[in-house]
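The following exercises concern salt bridges and strand pairing in one structure. Please work through each task before reading its solution.

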Amino acid sequence: MGLLTFLKSRAPREYVKPVALVLLPVILAILSPLRAQASPSDQDLGPTNGTQIVTGSLVLNVRNLDALESYVASTQDPNSRSYHQFLSVPEFVRNFAPDSVQIAAVKEYLNSFGIETTEVYADNLLITATGSVDAFNKAFAFSIHDFSKAGERFHRPTQAAVIPASLKDAVLEVVGPSDEARFIPHKRNLADFAGSQLRNPNLVLPAKSLGATGIPGQYTVLDFANLYDINPLYKAGINGTGQTVGIATLAAFHPSDAYYYWNLVGLKVNQDRIKVMKVDGGGKLSAKAGSDETSLDVEQSGGVAPGANIIVYDAPNTNKGFIDLFYKAASDNLVDSLSTSWGQAEIDYFPELNNGVVHTGLLRAFHIAFLELAAQGISTFATAGDAGAYDVNRPGYNKPFNNVLTVDSPGSDPAVTVGGGTTTPIKYTPATLDTIFKITLPPNTPPLVVSTQRVWGQDYLQNYLVKYIGTKYENAFFPEGGGGGVSIFWSLPGYQQATAGIRQSEPGQSVVFEGELLLNLPANFPGRNLPDIALNADPLSGYIVVSSVLKKTSGYVSDLFGGTSFVAPQLNGISALISQQNGEKRIGLWNPMLYSLQQAHGYGNGSPFVDITTGDNWFYYGVPGYEPGGGIGVLDVTQLAFYFGAIF
């Protein structure tokens, strides 16, 4: 079946039971577009100078998408001959990538317009190209314009690429030319929504090592090990040795921050364990760019697996940069697991939010990269976001659109494992809260208490402050919480089909901007549910981070950090531990195994999962079993390693 036919099909599909992937995007035609116009905050400055040199990437089609999806599913099916038979890059190219004739045809077409092919990635799925604006405009019927937004100037095409008929079988998507920053890091600091730059007043750094603090908001990776039963693995000598974890990020960082952090918490690590791979020249280095996100990703993954090596793939914050990261990691095939803590709302790819320009081809381009990573045995982790069930409303209540249930991408992709968020038990005294929030709670106000681990939604804090301070805090923390919900682009994958608690998209969801209806979202769509797993992500029960860019001071330590951006690298580190325990073998896509284990073993004594039955992410409530707030639940890592080992 050709790709276009595949995309138009709406019938549910299964490949290898019981863990097959069902990776079917919903037809955009079932959405109801009202107006092809996005926020007017982008000021069009007119056509970009035609002589300006710009870059783009061409993502190529795999030869048989159905076969690739089927193969990935078979690598996680214990009854298949392909079970855990992962491919090398040359094997992937022979079986799935375009051949040399198609590559040559694309290069020849580019050259005919004076566009230089700068690199063909080793997997034969991505070609980077450089040329003038005029050349790209002519080659793909673009009209590239300059824009201004929030003080930033950038260029981007004003319509999707027109791919010539001679290349339609070969080229999936032309990415760029654009230098617009589109993605956000999914880290949260309490100051982001407390209106304060203060640290927790209880933070006191010791003269020697910090170790496990036992203090919510000041946790370290050693506290994380205590929370989720990792210590038995460490005691058995399992620390990630022999493994390489990868970080896919869109901002540069100071590697010295990570070494400072590991030393601060008392971990002995190899002092040359970090290797930085600059993709497309790398990302910017600043707090505004999100460099603290990269620092925490490295600190967390490398702290959970202190014996592992780390490769940081660092690219500019553009569509091209983010796409190129994953194809580069797949082509290098050097990491055993990979995580990213960046994303944007899934509906941000729809034309109604992009001045009529269709970006959904990018979702398919990401997807093919994730399938290749999985086929090569590389476990990939992403975040569910930090805007609760309302990913597109991250700026706040009814901002920039009306409140609408939405999920984050790339977390919505069925070929990645997605981490959601919880709040672990906390107790904050009124005096501490007064200092953090610059408030004065009334006498005899009780402490803020969360007694059991719950789905992360900051509504419990909001309700407390509204009760004891007043209505000024109504909607003040919306929608801070662990992301989760139902994709309206990717259909329900096979590994979720037998899972109780799976939801469909909700009715009555529309995207409205300043009173104008842009898009009606489909109701009752059987889409991919996320997250898969949840771990601690609430800043109030969160962690310390070392990042020099926060105060431009070497070794600056900040606390009260959270966000699902902690969960993805922590899962990355856990994957390294499990791989080492099982003979340093790669695991591949976790999801089929996770859902099979949940169905077989449920919860309770001996289970690798702990059910989260309280809390909410502003819409989905913690209930027994799966829900799109806490996913399957949180992990007992030692038990998970045991069960993964039993099926290796």
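**Exercise 1.** In this predicted model, determine which parts of the chain are linked by the salt bridge between Asp280 and Lys320, and whether each residue is buried or exposed.

*Solution.* Step 1: the closest N and O atoms of Asp280 and Lys320 are 3.6 Å apart, which is within the 4 Å limit for a salt bridge. Step 2: Asp280 is located in the loop between E12 and helix H10 (291-304), and Lys320 in helix H11 (residues 319-332), so that distant parts of the chain, 40 residues apart, are linked. Step 3: buried means under 20% relative accessible area. Lys320, at 7%, is therefore buried, whereas Asp280, at 33%, is partly exposed.

**Exercise 2.** Carry out the analysis for Asp314 and Lys278.

*Solution.* Step 1: a salt bridge joins the two residues, with 2.4 Å between the closest N and O atoms. Step 2: because Asp314 belongs to strand E13 (residues 309-314) and Lys278 to strand E12 (residues 274-278), the pair ties together parts 36 residues apart in sequence. Step 3: Asp314 has a relative accessible area of 1% and is buried; Lys278, at 48%, is partly exposed.

**Exercise 3.** Describe the sheet that contains E2, E6 and E7.

*Solution.* Step 1: the 3 strands form an open sheet in the order E2-E6-E7, with antiparallel pairing. Step 2: strand E2 (43-47) and strand E7 (152-157) are the edge strands, each pairing on one side only. Step 3: E2 pairs with strand E6 (residues 144-149) over 4 bridges, and Gln43 has Ser148 as its bridge partner in E6.

Note on methods. Residues are numbered from 1 along each chain as its sequence is written. This is a predicted model: local features need pLDDT of at least 70, side-chain atom pairs count only at pLDDT 80 or more; totals for chains, interfaces and linings use all residues. Side-chain values use heavy atoms; hydrogens and water are left out. Two strands pair if DSSP finds at least two bridges between them. Helices (H or I, at least four residues) and strands (E, at least two) are DSSP runs, numbered from the N terminus. A salt bridge is a side-chain nitrogen of Lys or Arg within 4 Å of a carboxyl oxygen of Asp or Glu. Buried means under 20% relative accessible area, exposed over 50%, partly exposed in between (1.4 Å probe, protein chains only).
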